[in-house]
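Me: I have a model open and want the reasoning behind its labels. Can we go through them one at a time?

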Amino acid sequence: MQAPQGHPAEEVSAASQEEGDLGEVSVEQDLEALRIEVEYYTPSQTEGPFYPVQMPDDRDSDLFVVDGAEGRPAGEILVFEGTVYDGAGMPVHGAVVEIWQTDDNGIYMHPGDSNSSRRDVNFQSYGESDTGPDGRYSFRTIMPGDYNPRPRHIHVKVRMDGRELLTTQFYFSNDPNAGTDRIFAGAGAEVSALIMEIEEGLDSEGNSMLMGRRDIVLRDILSE
Ligand SMILES: [Fe+2]
């Protein structure tokens, strides 16, 4: 980026760079270091019928804690994170990653779910995570309940500046229901970009939890 000659901002930026501060120029260099070689695009998947019709008041990235709820949801805690990249391999800052999923009993927060009256009200069901300058998003949720005949899945949407860039679903490795699921199969060989590997871990209080990671690579080029 070329600032006009003698522009005060340029002098400040140059000075702070010499001092090793995060001036404008050095931030750009740091982001360039985060660029990946694009080897796949995250395939899209059907939205399904259960995107919330009414957004909950609490829609942060911690689905395990609902504001004002007295209890905590049933189910195994799942913490997952990833980086959103654009089609040029650059991290995307300022995107909103949305997720929605079933509770531990496989029930959605949606009037179209015939079991919605039995929904776990301590589970947030829907959440949003804003990506930082490094493109990172993260969630704390629970492992979606058994959802026979479909494999367990988490619905995902990525928005930016009000525009919808991707709607898809994340799956988990070795799900016995994956092989017979038409939506899963619809992604073809690209489905590997939707599967989250999970491992066992401990949270800060020593409770066991599952940890996963799933990067998202958009087709749109947003960085140039
Ligand atoms: Fe679903």
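**Labels and their grounds**

Me: What makes Val-97 and Val-158 partners?
Reply: This is a predicted model. In it, Val-158 of β5 is the bridge partner of Val-97.

Me: Why are β2 and β5 called paired strands?
Reply: Pairing needs at least two bridges. β2 and β5 have 5, in the antiparallel sense. So the label holds.

Me: How do you know that β2 pairs with β3 (residues 126–130)?
Reply: Again, the bar is at least two bridges. These strands have 5, and they are antiparallel. Ile-99 stands opposite Gly-127 there.

Me: Why is β2 called largely enclosed?
Reply: Count its residues. Strand β2 covers residues 96–100, and 4 of the 5 are buried, so the rest of the structure largely encloses it. Buried means 20 or more other C-beta atoms within 10 Å.

Me: Which residues touch the most other members of the largest nonpolar core?
Reply: The core has 34 residues, and those with the most contacts to other members include Val-84, Val-97, Ile-99 and Val-158. Strand β6 (163–172) gives the largest share, 5 residues.

Me: What does Val-84 touch?
Reply: Beyond four places in sequence, its contacts include Pro-91, Val-97, Tyr-137, Val-158 and Leu-218.

Me: Why is Asp-203 called partly exposed?
Reply: Asp-203 has 13 other C-beta atoms within 10 Å, so it is partly exposed. Exposed would need 12 or fewer, buried 20 or more.

Me: How do you know that Asp-203 meets residues beyond its sequence neighbours?
Reply: Asp-203 sits in the loop between β7 and β8. Leaving aside neighbours within four places, it contacts Ile-77 and Met-209. Ile-77 is 126 residues away in sequence, yet 9.3 Å away, C-alpha to C-alpha.

Key:
Residues numbered from 1 in each chain as written. Predicted model: local features only at pLDDT ≥ 70, side-chain atom pairs only at ≥ 80, totals over all residues. Helix = DSSP H or I, 4+ residues; strand = E, 2+ residues; numbered from the N terminus. Core = buried A, V, L, I, M, F, W, Y, C linked by C-beta atoms within 7 Å. Contact = placed C-beta atoms within 7 Å.
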